[in-house]
Amino acid sequence: MEKQSRLLCSELCVQRRLYEVTLNCAILAWKDIQIAKKHTGRAIYGAVKAGSYCVPVCEIIAVQEKDDDTPCKNTGKWQKVPQSPADPCQHAFTVFYVERTRQHCWWCSNVTFHCSDHSLCLLWVQTIREQLALLTNRPKSLLVYINPYGGKQRGKQIYDHKVAPIFSRASISTDVIVTERANHARDHLKTEADLKKYDGVVCVGGDGMFSEIMHGLVSRTQQEAGVDENSMEETLMPCGLRIGIIPAGSTDCICYATVGSNDPVTSALHIIVGDSQAMDICSVHNEDRFLRYSVSLLGYGFYGDVLTDSERKRWMGPARYDISGVKTFLSHRYYEGTVSFLPAEGNLGSPRDKMQCRTGCSVCRQSSSDKLVSKNEDSVSDAECQDTWTVIRGKFLAINAASMSCACPRSPKGLSPSAHLADGTTDLILVRKCSRLDFLRHLLRHTNKDDQFDHSFVEVYRVKQFRFTPRYQECDSEVDLRESGVTGKRFLSQICREHRACGCMPSQSNWNCDGEILPHTAIQVRVHCQLIKLFARGIEEQQVFEDPYAHCAI
């Protein structure tokens with residue numbers, strides 16, 4: 001690493017020990033002068049076991065002067081004489097910074113440096129603040145929407161107690177709106193919000209709340225650009241404002257897939273440091289009518305039935321998904337239809353290549369470069385690819401389109417572990433009709449590290465567009481009657497359709513679009529590459545350095 005020129009270097013005290021403290025434009029480091037041993041432990045980024053510490057300037061939250069000028073109070077008792085040169089009643093400043101704790105979680109830690117000279121203290125504070133001011137990617141003003149009803153109804157409490165104090169410390173101004181009804185945030189963003197005042201929009205809630213914010217922001221951007229959302233051929237304009245997610249819902253799949261954790265403090269710190277993670281958006285249409293946008297999962301069959309049943313059990317809270325899941329599994333419904341898709345080509349990888357999307361993902365970076373080169377050629381390339389569409393007909397237990405891994409605490413690898421956030425594709429997973437036992441084996445793969453798609457009845461494709469057309473699905477009893485030559489199947493079929501209590505399968509399922517039921521079954525889906533950006537970094541790989549202080553290159 002190329003060495004950076006020093007801005008400041010002083011001997012300061014930390015907890016009555018003398019440290020050599022050094023600052024350059026990239027790193028703040030402090031090393032215990034009294035420890036001569038070279039660090040050989042396996043300390044992770046920012047943590048030290050041998051008296052050497054370093055923090056990237058971009059991960060410093062704030063610095064403030066500590067008022068230590070007040071003389072020590074005389075309590076009338078004997079005072080212990082400090083045995084180090086540090087005087088407890090002297091000038092000091094505190095640096096607040098990001099510290100990595102458990103897996104992918106961040107915490108706002110701090111260190112206080114003491115110095116005897118007030119002018120030196122002011123110099124350090126001023127210099128660090130000047131370096132923070134150069135970080136132009138950091139937000140200064142945010143529009144915050146809080147869902148007080150989602151999840152365990154703790155959205156406002158989480159924001160007030162865990163997030164707002166950190167935003168205040170980082171000198172971020174906020175305008176907070178507590179939503180009062182469904183789609184309140186979406187409608188406000190589309191029509192009323194003065195977005196020019198803000199550097200980003202933050203939602204406090206679950207995936208449903210994020211979907212509201214995303215729909216409002218994307219629709220507002222298309223309206224201002226004069227883009228017709230109802231046209232499948234239109235190239236959508238990317239949003240200028242970044243979106244932040246403070247997880248406070250029943251499911252926080254999007255936050256988990258973009259940060260690696262559903263911890264509110266971690267998400268708040270990602271927002272403060274100004275991280276930016278591009279994300280693809282799928283537009284869903286029925287003929288010439290726009291239905292919804294999707295960022296995570298489009299599910300037909302199993303996941304559509306789970307959502308449909310769980311909507312009638314909302315009073316049960318998050319437990320409704322478990323109960324509806326078991327009920328849907330036992331019903332073992334399958335549906336017949338036709339899936340056609342446009343496969344992804346080039347260097348976009350494969351759903352089974354085990355190349356997970358992480359911070360600085362090479363696949364997503366390549367897609368970004370390709371997008372810049374060919375942004376005016378979308379309609380041409382689509383026209384040229386008309387003959388390359390693949391058509392599959394069959395009976396399916398589930399049809400899923402995963403635009404991200406869809407990982408969550410219960411499914412650490414997700415539905416498609418190798419799906420990418422910003423490569424302009426979605427992973428289309430087709431689960432054909434099979435036995436209950438085989439389907440259970442497939443579902444259990446979501447909770448472990450085995451290959452999700454290593455079954456003869458499972459097919460997976462990386463696609464840029466796809467369509468689905470349903471067909472009336474006969475129930476098992478009708479199929480058995482036809483195969484045995486028994487007459488009267490049309491009569492029995494009519495009875496089954498009119499009386500669902502008989503237990504026969506309905507003709508069609510519903511589409512689960514990021515936790516919302518779509519009003520149409522026949523849909524067309526197109527992936528729009530990197531349409532939005534989040535205040536996120538992607539999931540970081542574990543970093544190990546031999547010598548943190550040497551790594552600082554000071």
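**Exercise 1.** How many nonpolar, polar and charged residues are in the lining of the largest cavity?

*Solution.* Let's sort the lining by class: eight residues are nonpolar, three are polar and none is charged. Keep in mind that this is a predicted model.

Now let's put names to these classes. The lining of the largest cavity is made of Ile 243, Gly 244, Ile 245, Cys 255, Thr 258, Val 259, Ser 267, Ile 271, Leu 534, Phe 535 and Ala 536. Gly counts as polar here, so Gly 244 belongs with the polar residues of this lining.

Next, look for the elements behind the names. Strand S11 (242–247), helix H5 (253–259) and helix H6 (264–273) each give two or more residues to this lining.

**Exercise 2.** What is the volume of the largest cavity, and how many cavities of 30 Å³ or more does the structure hold?

*Solution.* The volume of the largest cavity is about 60 Å³. With the cut-off at 30 Å³ or more, the structure holds four cavities.

**Exercise 3.** Which element gives the most to the lining of the second largest cavity?

*Solution.* Begin with the space itself: the second largest cavity has about 50 Å³. Around it sit Gly 301, Phe 302, Asp 305, Thr 328, Phe 329, Ser 331, His 332, Arg 333, Leu 397 and Phe 439. Two or more of the lining residues come from each of helix H7 (302–310) and helix H8 (319–331). H8 gives the most, with three residues.

As a last step, sort this lining by class too: four residues are nonpolar, four are polar and two are charged. Asp and Arg count as charged, so the charged pair is Asp 305 and Arg 333.

Note on methods. Residues numbered from 1 in each chain as written. Predicted model: local features only at pLDDT ≥ 70, side-chain atom pairs only at ≥ 80, totals over all residues. Heavy atoms only, no water. 1 Å grid on protein atoms, 1.4 Å probe; cavity = no way out; pocket = protein on both sides within 12 Å on 5 of 7 lines; lining within 4 Å. Points joined across faces, edges and corners; volume = space filled by probe spheres on them. Helix = DSSP H or I, 4+ residues; strand = E, 2+ residues; numbered from the N terminus.
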